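Thanks, everyone. Let me put the model up, and then I'll go straight in.

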Amino acid sequence: MRLALTAVLLAWGGTALAQTAYVSNEKDNSISVIDIKTMAVTQTVKVGRRPRGITLSPDFKHLYICASDSDAIQVMDLASLKLIHDLPSGEDPEQFTLHPDGRRLYVANENNNVVTVIDVHSRKVIGQVDVGIEPEGMAVSPDGKIAVNTSETTNMVHWLDADRLTLLDNTAVGSRPRFATFDSTGKTLWVTAEIGGTVHVIDTASRTERQTISFAIPGIAKDKIQPVGLRLSADGALAFVALGPANHVAVIDTKTLTVVKYILVGRRVWHLALTPDGSKLLATNGISGDVSVIDTKSLGVVKTIAVGRYPWGVAIRP
């Protein structure tokens, strides 16, 4: 894995060391480009309507963008920062995840209650599978065998055979599950439940819940604590959870499954991304229109970067 990443970085030549963050601005129909070294916005690029979920290709040459109100997934060439084509996403794509093969993109189509799978090379839909009402979060296991989707109204995690696109199982979780991610071993799935105000830690082998984690912040009403984005540290020791209108990021010790700190960030924190070295965590703050940069060692905010209106998704290129 390390050799593969090194080869990719060499292919980028002189730009390989320029770590860059991309932030989707939901109300401005744009992507903000942030230089991680200077922590400043260097460019803003217009894209389709209501961009939300974003992710990078494995070679870091392309950025995939869920343009929800354009009913398209747009592909941006990162060398030129130009949109080069659209992918046939189905209606209202909001979140997606790329298979470890770098070819299959699994898309949650909120309006149609389906997961659409796209071959990003041929630009064709290769399958769809019915899931629960208002599908949202998507994740694929590290071995590529299992895809999971969360449905906001059904309040479930749906387990899919990633190759056959068949439904394997369902696991009930808290109200309005929004985001899912596997740990690096694939043994545990983490799911946030926005209205439930909880995070669910699920054993992948048995597909049963291991623990529900709740949150309590002094001075903040419980119904304002709405978990959405979640990231695990590179060593797996910590989990970071964006708590929505509570305006905090929770830090969880993954060994004890207890909250060790709440970090104050901007207003309506949505999603999170770690820098490749794991030293910084970027959090998008929808209402305040900025990004909080958190030092993962001191667990404090070291910089706030103004971006466009209602920043939502964030991805970082090495």
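Start at E152. E152 has 4% relative accessibility, so it counts as buried. The cut-offs: buried is under 20% relative accessible area, exposed is over 50%, and partly exposed is in between, with a 1.4 Å probe and protein chains only. The partner of E152 is R176, through a side-chain salt bridge at 3.4 Å, N to O. A salt bridge here is a side-chain nitrogen of Lys or Arg within 4 Å of a carboxyl oxygen of Asp or Glu. R176 sits in the loop between β15 (167-172) and β16, and E152 in the loop between β13 (146-151) and β14 (156-161), so the bridge ties together parts 24 residues apart in sequence. Strand labels are DSSP runs numbered from the N terminus: E, at least two residues, for strands; H or I, at least four, for helices. R176 is partly exposed, at 26% relative accessible area.

A word on provenance. This is a predicted model: local features need pLDDT of at least 70, side-chain atom pairs count only at pLDDT 80 or more, and totals for chains, interfaces and linings use all residues. Residues are numbered from 1 along each chain as its sequence is written, and side-chain values use heavy atoms, with hydrogens and water left out.

Back to the charges. How many salt bridges does the structure hold? The count is 15. Take E136 and R178: their side chains meet at 3.0 Å, N to O. E136 is in strand β12 (residues 135-140) and R178 in strand β16 (residues 177-182), 42 residues apart, so to speak of distant parts of the chain being linked is fair. Both E136 and R178 are buried.

Next, R104 with D101. Their closest N and O atoms are 2.9 Å apart. R104 is buried, at 16% relative accessible area. D101 is partly exposed, at 39%.

Which residues are linked in a network of salt bridges? R52, E94, E136, E152, R176, R178, E194 and R268. Keep the last two in mind.

Now the domains. The chain is divided into domain 1 (18-47 + 215-317) and domain 2 (89-213). Those bounds come from an automatic or database domain assignment. The domain centres, taken over C-alpha atoms, are 22 Å apart. Domain 1 puts 19 residues into the contact and domain 2 puts in 18. Contact means heavy atoms within 4.5 Å.

Interface size is often given as the accessible area lost when the parts come together. Here the two domains bury about 1500 Å² between them, with 71% of it on carbon and sulfur atoms. That area uses a 1.4 Å probe and is summed over both parts. On the domain 1 side, P227, L230 and L257 supply 37% of the area buried against domain 2, more than any other three residues.

The polar side of the interface is quick to list. Between the domains the count is one salt bridge. R268 and E194 form a salt bridge at 3.0 Å, N to O. β20, β21 and β24 (269-274) each give two or more residues to the side of domain 1 that touches domain 2. β20 gives the most, with three residues.

L257 deserves a second look. Its phi is near 55°, positive in a residue other than glycine. L257 is in the loop between β22 and β23 (258-264), and is buried at 11% relative accessible area. M39 is another non-glycine with positive phi, about 55°. M39 lies in the loop between β2 (30-35) and β3 (40-46).

On to the packing. The largest nonpolar core has 17 residues, and W190, I213, F215, V241 and L243 have the most contacts inside it. Such a core is a set of buried Ala, Val, Leu, Ile, Met, Phe, Trp, Tyr and Cys residues joined through side-chain atoms within 4.5 Å. β18 (198-203), β20 (230-232), β21 (238-242) and β22 (248-253) each give two or more residues to this core. Each of the two domains supplies at least three. Apart from this core lies another, of 14 residues, among them V45, I54, I65 and M76.

Last stop, Q226. Q226 lies in the loop between β19 (208-214) and β20. Is Q226 buried or exposed? Buried, at 15% relative accessible area. Beyond four places in sequence, Q226 contacts E194, A242, L243, G244, P245 and R268. The C-alpha atoms of Q226 and V269 are 9.5 Å apart, with their positions 43 residues apart along the chain.
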